[in-house]
Amino acid sequence: MLQNDRENLELDKLMNEIRKLVAERKKLVAEEKRMKWETYFYPVAVVAGMLTATAALIGLSLKL
């Protein structure tokens, strides 16, 4: 009986470790997805900002 309890305790510890690793993997996958998104869209946002600024400067220069 005591050996069976030890085995069950060890199995419980292993299952908890597996759950932690699965959760960590999910977290890392989400981080990877976010990084890919940022890598793509940040340059797009910068270019859009530069185009807006350029259009504003051209508009101001035409009014003067």
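Modeller: A helix here is a DSSP run of H or I with at least four residues, numbered from the N terminus. R6 lies in such a run, helix α1. Please note that the model is predicted.

Colleague: How many helices and strands does the secondary structure of the chain come to?

Modeller: The chain has one helix and zero strands. Helix α1 covers residues 2-63, which is 62 residues.

Colleague: What distance does α1 reach from its first C-alpha to its last, and what is expected at 1.5 Å a residue?

Modeller: The helix reaches 90 Å, close to the expected 92 Å.

Colleague: Where does α1 bend?

Modeller: The bend is at F41 and amounts to about 25°. A proline, P43, follows within four residues.

Colleague: How should one read the radius of gyration of the chain?

Modeller: One sets the value beside that of a compact globule with the given number of residues. For 64 residues such a globule would have a radius near 11 Å, but this chain has 28 Å. The C-alpha trace spans about 95 × 15 × 5 Å along its principal axes.

Colleague: What share of the residues is buried?

Modeller: Buried means under 20% relative accessible area. Of the 64 residues in the chain, 2% are buried. The chain exposes about 6,300 Å², of which carbon and sulfur atoms supply 68%.

Colleague: Is R6 buried or exposed?

Modeller: The cut-off for exposed is over 50%. R6 has a relative accessible area of 51% and is therefore exposed.

Colleague: How does E24 count, by its relative accessibility?

Modeller: E24, which is also found in helix α1, has 44% relative accessibility and so counts as partly exposed.

Colleague: How far apart in space are R6 and P43?

Modeller: Their C-alpha atoms are 56 Å apart, and the two residues are 37 residues apart in sequence. For E24 and E10, 14 residues apart along the chain, the C-alpha separation is 21 Å.

Colleague: How far apart are the mean positions of the positive and negative charges?

Modeller: One takes the mean position of each kind of charge and compares the two. The chain has 11 positive and 9 negative charges, and their mean positions are 10 Å apart.

Conventions: Residues numbered from 1 in each chain as written. Predicted model: local features only at pLDDT ≥ 70, side-chain atom pairs only at ≥ 80, totals over all residues. Heavy atoms only, no water. Helix = DSSP H or I, 4+ residues; strand = E, 2+ residues; numbered from the N terminus. Expected span 1.5 Å × (residues − 1). Bend = angle between axes of the 7 residues up to and from the residue. Rg over C-alpha atoms; globule rule 2.2 N^0.38 Å. Buried < 20%, exposed > 50% of the residue type's maximum accessible area, 1.4 Å probe, protein only. Areas by Shrake-Rupley, 256 points an atom, 1.4 Å probe, with all protein chains shown as cover. Lys, Arg positive; Asp, Glu negative; His and termini not counted. Charge placed at Lys NZ, Arg CZ, Asp CG, Glu CD.
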